[in-house]
Amino acid sequence: MKTASRILWTGILIAIFFLGRCSKKCERVETVTVETATETRVDTVTIVEPVETIRTEIRRETIAAPADTVYLPGDTVRIEVPIETKEYRDTLYALQIEGYRPRLNWVEVYPRTEYVYRTETRTVNAPSRRWSLGPALGYGYDIQNNHWAPFVGVSLTYSLLSW
């Protein structure tokens, strides 16, 4: 009977050993969570009477205008009118106008600003160990003396479940 129980226990230990060798190894797992939020803000910039930076006369045109306040046919005077371009420029805007005595009263510029908020979370899970070796203190069945007894020793254990 002793021989049969020793063979049984030896077979169980060998089966547990090979079961542990065939099981999937617990590898280091890295979880990356990336959250991106985009916020767009529109700011209104009002520029009253912008400063003229460049004035260029490009040509002169001749137009017919009434010579007097009372208009009579054939009573016209030829007038040369300067056609010019004006350029307005700043860090927020740039524009150009053209015509006879051009004047810009106001400009509104709407710059768009995008703010991107990014949150990144990394989780690293350490591998769980299936086999462990450590001190043991317990109460068990003594096979040689056929009775229950306390024991102190070294224990080799295999973890089937982990959480």
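Strands here are DSSP runs of E with at least two residues, numbered from the N terminus. One such run is strand 8, which covers residues 131-142 and holds leucine 137. The model is a predicted one, and leucine 137 makes a handy way into it. Is leucine 137 buried or exposed? Residues count as exposed over 50% relative accessible area, and leucine 137 reaches 75%, so it falls in the exposed class. Even so, leucine 137 has company from further along the chain: setting aside residues up to four places away in sequence, it touches Phe151 and Val152. Glycine 153 sits 16 residues away from leucine 137 in sequence, with 6.6 Å between the two C-alpha atoms.

Stepping back to the whole protein, the count comes to 1 helix and 9 strands. The helix leads and the strands follow, giving the pattern α-β-β-β-β-β-β-β-β-β along the sequence. Of the 163 residues, 14% are buried. The accessible surface adds up to about 14100 Å², and carbon and sulfur atoms own 56% of that. As for contacts with a separation of 6 or more, 59% of them join residues that are 24 or more positions apart.

Next comes a sheet. Strands 3, 4 and 5 make up an open sheet, in the order 3-4-5 and with antiparallel pairing. Strand 3 and strand 5 (94-99) are the edge strands, each with a pairing on one side only. On average, neighbouring strands in this sheet are turned by 10° against each other when direction is ignored. In general, the strands of a sheet pair through backbone hydrogen bonds, in either a parallel or an antiparallel way.

How many bridges join strand 3 to strand 4? There are 13, and the two strands run antiparallel. Two of the pairings can be named: alanine 64 has arginine 78 of strand 4 as its bridge partner, while glutamate 52 is partnered by tyrosine 88, also of strand 4. On the other side, 6 bridges tie strand 4 to strand 5, again in antiparallel fashion. Strand 4 and strand 5 form a hairpin, with 4 residues between them. Glutamate 87 stands opposite glutamine 96 of strand 5.

Two charged residues of strand 4 deserve a closer look. Lysine 86 lies in this strand, and glutamate 87 is found there too. Buried means under 20% relative accessible area. Lysine 86 comes in at 8%, so it counts as buried. Glutamate 87, at 18%, is therefore in the buried class as well. Which residues does lysine 86 contact, leaving aside neighbours within four places in sequence? The list is Glu52, Ile54, Arg55, Leu95, Gln96, Ile97 and Pro102. With the same neighbours left out, glutamate 87 is in contact with Glu52, Thr53, Ile54, Leu95 and Gln96.

Nonpolar residues gather as well. The largest nonpolar core has 7 members, namely Ile47, Tyr88, Tyr93, Ile97, Leu104, Val107 and Val109. Tyr88 of this core is the tyrosine that bridges to glutamate 52, and Ile97 of the core turns up among the contacts of lysine 86. Valine 109, another core member, is in contact with Asp43, Thr44, Val45, Leu92 and Tyr93 once neighbours within four places in sequence are left aside.

Last come the salt bridges, of which a search of the whole structure finds 2. One of them joins arginine 41 to glutamate 39, with 2.8 Å between the closest N and O atoms. Both residues are partly exposed, since arginine 41 has a relative accessible area of 39% and glutamate 39 has one of 31%. The other salt bridge brings together the side chains of glutamate 80 and arginine 60, at 4.0 Å from N to O. This pair links distant parts of the chain, as glutamate 80 belongs to strand 4 (residues 76-89) and arginine 60 to strand 3 (residues 52-66), 20 residues apart. Arginine 60 has 45% relative accessibility, so it too is partly exposed. The salt bridge between glutamate 80 and arginine 60 thus spans strands 3 and 4, which are also joined by their 13 bridges.

Methods
Residues numbered from 1 in each chain as written. Predicted model: local features only at pLDDT ≥ 70, side-chain atom pairs only at ≥ 80, totals over all residues. Heavy atoms only, no water. Buried < 20%, exposed > 50% of the residue type's maximum accessible area, 1.4 Å probe, protein only. Contact = heavy atoms within 4.5 Å. Areas by Shrake-Rupley, 256 points an atom, 1.4 Å probe, with all protein chains shown as cover. Pairing = 2+ DSSP bridges. Axes fitted to C-alpha atoms, helices over the stretch in contact; angles between N-to-C directions. Core = buried A, V, L, I, M, F, W, Y, C linked by side-chain atoms within 4.5 Å.
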